[in-house]
Amino acid sequence: MTSLVLGAILAAGAVLLTAMPFIQHSNELDAPLDGPTPEQEQRIIVIEERDRALAALKELEFDHRTGKIDDADYRALVGPLRRTAAEALRIIDEAAAKE
């Protein structure tokens, strides 16, 4: 009987010790996260613009190669997309050079 009580106490202690890190709250964990700075937000916007332009170029190239888009339409659409991607890349490179 005594060993049964001691085993139960030991088991309860082990469970409590294992659960303590999950039960305790730290102020550091509850602190709100800092949002991106305005410069970081602008960089994210430019990177997203670059990604959209490159994805559109890839899709345009595929459609042209498969014959869904003729040569005249391809030439009309590819220029602005390339300029958009190049401008975004230029902005990203300038920002990286400043860092």
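Helices (H or I, at least four residues) and strands (E, at least two) are DSSP runs, numbered from the N terminus. Residues are numbered from 1 along each chain as its sequence is written, and side-chain values use heavy atoms, with hydrogens and water left out. This is a predicted model, where local features need pLDDT of at least 70, side-chain atom pairs count only at pLDDT 80 or more, and totals for chains, interfaces and linings use all residues.

**View 1. The whole protein has 4 helices and 0 strands.** Going along the sequence, you meet the pattern α-α-α-α. The C-alpha atoms fit in a box of roughly 90 × 40 × 20 Å along the principal axes. The radius of gyration (taken over C-alpha atoms) is 29 Å, while a compact globule of 99 residues would come in near 13 Å. That globule rule is 2.2 Å times the number of residues to the power 0.38.

**View 2. Here is how confident the predictor is, helix by helix.** The score is pLDDT, the predictor's confidence in each residue, from 0 to 100. The protein averages 87, and 93% of the residues score at least 70. Among the elements, helix α2 (residues 27–30) has the lowest mean, 59, and helix α3 (residues 38–65) the highest, 94.

**View 3. Glu-39 sits in helix α3.** Is Glu-39 buried or exposed? Glu-39 counts as exposed because its relative accessible area is 58%, and the cut-offs are under 20% for buried, over 50% for exposed and partly exposed in between (1.4 Å probe, protein chains only). Ala-95 is 56 residues away from Glu-39 along the chain, yet their C-alpha atoms are separated by 9.5 Å.

**View 4. Arg-75 belongs to helix α4 (residues 71–98).** Arg-75 has a relative accessible area of 58%, so this residue is exposed. His-64 lies 11 residues from Arg-75 in sequence and 9.9 Å from Arg-75 in space, C-alpha to C-alpha.

**View 5. Now for burial and contacts across the protein.** Buried residues are 12% of the 99 residues. Take the contacts (heavy atoms within 4.5 Å) with a separation of 6 or more: 59% of them are between residues 24 or more positions apart.
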